[in-house]
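Dear colleague,

Please find the structure below for your records. A short account of its nonpolar cores and salt bridges follows.

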Amino acid sequence: MQTYVIYCDESIVKGKYYSNFYGGALVNSKDFDDVVSILESKKKELNLFNEIKWTKVTEQYLDKYIDFITTYFELIKQGKIKIRIMFRKNENEANNLSEYQELNGFYLLYYQFLKHAFGLKYCNLSNENVQLKTYFDKLPNTKEQNERFKQHIYELQNCADFKSAKIVISKEDITDVDSKRHVILQGMDIILGSMQFKLNKENLVKNPSTGRRGKKTIAKEKLYKHISRNIQDLYPHFNIGITTGVNNDYSNDWKHPYRHWSFVPSSYDGERYLF
């Protein structure tokens, strides 16, 4: 049986221009140990013994983060990691949400991200089942809300697209994890954070007291530019602010190693928010 592991994380809920950032990294189980070994070895080589993440990027550690993310993108380019980034442009904001939607918007969007972002309905051309394991960076809110969300993820296997792809999900394979222990999740966090940083123009923020950009902001911009160059290697002229095209082949939702999804509600601008 083929098995895929998906690590998921989220960034800011509300940004100046873009909001609701979600990210995922998918790895085939046959590549999993190799991917983890390569990334952990790179961290050890760079003396990065603690968790690495976007919020920790500084001038002092910039070169090490660039080196690590270069290795991460080598694995993406080899097809051993698939990355998906989802966000919503603020002008596409829904109004007249129901109380349920207001309270559970975080989970509703997370559900949509996992259901659609990787094009999982195209992942299986065989007659065998495909096992899906999902690891979420520590979920917020109450245990009851988190368990309800996990139940919805479990039930994804009953939707038509997942049934057609013969995707099976076990309850024990839906869990939230501590990113400190998962290097694949750490690398994805850096990419996700860099996209939020650029799309919300945080690279232009200046210190009010000096009128200049801070050293940390400049370091983050340099790391973003390095990440952008790696994406451009895959897709020249890649536009980070729009949904990545499929080139007249919807199965590229699955095949592509790296994609963005600019989420637009089914109904917005005064209408009911539909999922």
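The notes below cover the basis of the model, then its cores, then its charged pairs.

This is a predicted model, in which local features need pLDDT of at least 70 and side-chain atom pairs count only at pLDDT 80 or more, while totals for chains, interfaces and linings use all residues. Residues are numbered from 1 along each chain as its sequence is written, and side-chain values use heavy atoms, with hydrogens and water left out.

The largest nonpolar core (buried Ala, Val, Leu, Ile, Met, Phe, Trp, Tyr and Cys residues joined through side-chain atoms within 4.5 Å) has 46 residues. Tyr72, Ile83 and Tyr258 have the most contacts inside this core. Its largest share, 10 residues, comes from α6 (helices are DSSP runs of H or I, at least four residues, and strands runs of E, at least two, numbered from the N terminus). Another core, of 31 residues, lies apart from it and includes Phe149 and Cys159.

The whole structure holds 12 salt bridges (a side-chain nitrogen of Lys or Arg within 4 Å of a carboxyl oxygen of Asp or Glu). In one of them, Lys80 meets Asp34 at 2.8 Å, N to O; Lys80 lies in the loop between α2 and β3 and Asp34 in helix α1, 46 residues apart. Asp176 and Lys150 form another, at 3.0 Å, N to O. Asp176 lies in strand β6 and Lys150 in helix α4, so this pair ties together parts 26 residues apart in sequence. Asp176 is buried at 16% relative accessible area, and Lys150 is buried at 12% (buried means under 20%, exposed over 50%, partly exposed in between, with a 1.4 Å probe and protein chains only).

Yours sincerely
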